[in-house]
Amino acid sequence: MKTAVIVLNGGSSSGKSGIARCLQAVLPDPWLTLGTDTLVDAMPPSMQASDGGIEFAPDGEVIVGPEFRTVEAAWIEGIAAMARAGARVVVDEVFLGGADSQQRWQKALRDLRVLWVGVRCDGAVAAGREAARGDRVVGMAASQAEMVHRGVVYDLEVDTTHAEPMECARAIAAHVR
């Protein structure tokens, strides 16, 4: 069975999106890239301003409510359905709930070949990238750097603290069947 889904999990500004773009360049077949930012961008603004949706606290904490979880569950099932229909998908994710987040994905992707990849980056380095980007709440990168990996089991881990996205993508591509 071919790898249908590559799940990249890492904190904000860890380099997941860059790796995903590089994977699209180095993998022989077409791969779609979908991520948590895509989901949040697709939500109505009202979900970013309510207790039930998703909130970004001034210190970088991300708080999700029941409405977000409902939409997220549909999103996850939708990505799994696309993979079952033949699309190969790179998922750019932030497991805010660590192992609980991975379990939600595992349930949806249960019958598919998945490559679970941890994207690590030193918190201070990620915070520097976050500041340079200017499009993130300051503090997210540092607070998520380790938290998103708690209890998560990976097939492979890469560290973008010193490695370039293409180098990481090539290491990941070597594990894709």
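In the predicted model described here, strand 5 is mostly covered, five of its five residues being buried, where buried denotes under 20% relative accessible area, exposed over 50% and partly exposed the range in between, computed with a 1.4 Å probe on protein chains only. From strand 5, V89, V91 and E93 point one way, whereas V90 and D92 point the other way, and all are buried. Because the model is predicted, local features need pLDDT of at least 70 and side-chain atom pairs count only at pLDDT 80 or more, while totals for chains, interfaces and linings use all residues. Residues are numbered from 1 along each chain as its sequence is written, and side-chain values use heavy atoms, with hydrogens and water left out.

Strand 5 belongs to an open sheet of five strands, which has the order 2-5-1-6-7 and parallel pairing; strands (E, at least two residues) and helices (H or I, at least four residues) are DSSP runs numbered from the N terminus, and two strands are taken to pair if DSSP finds at least two bridges between them. The edges are formed by strand 2 (32–35) and strand 7 (156–159), each of which pairs on one side only, and the twist from one strand to the next averages 20 degrees. Strand 2 is joined to strand 5 by four bridges in the parallel sense, and L34 stands opposite V91 in strand 5. Strand 1 and strand 5 pair, likewise parallel, over five bridges, with E93 of strand 5 as the bridge partner of N9. Strand 6 (residues 113–120) and strand 7 run parallel and are joined by four bridges, and V158 in strand 7 is the bridge partner of V119.

Helix 1 packs on this sheet, touching strand 1 (3–9), strand 2, strand 5 (89–93), strand 6 and strand 7, and its direction makes about 155 degrees with that of strand 1; contact here means heavy atoms within 4.5 Å.

Helix 1 (residues 16–26) also packs with helix 7 (residues 165–173), at an angle of about 60 degrees and with the axes 8 Å apart, the axes being lines fitted to C-alpha atoms, for helices over the stretch in contact, and the angles running from 0 to 180 degrees between N-to-C directions. Helix 1 is therefore oblique to helix 7, given that angles under 35 degrees count as roughly parallel, over 145 as roughly antiparallel, 65 to 115 as roughly perpendicular and the rest as oblique. In this contact, G18, I19, C22, L23 and V26 of helix 1 meet P165, M166, C168, A169, R170, I172 and A173 of helix 7.
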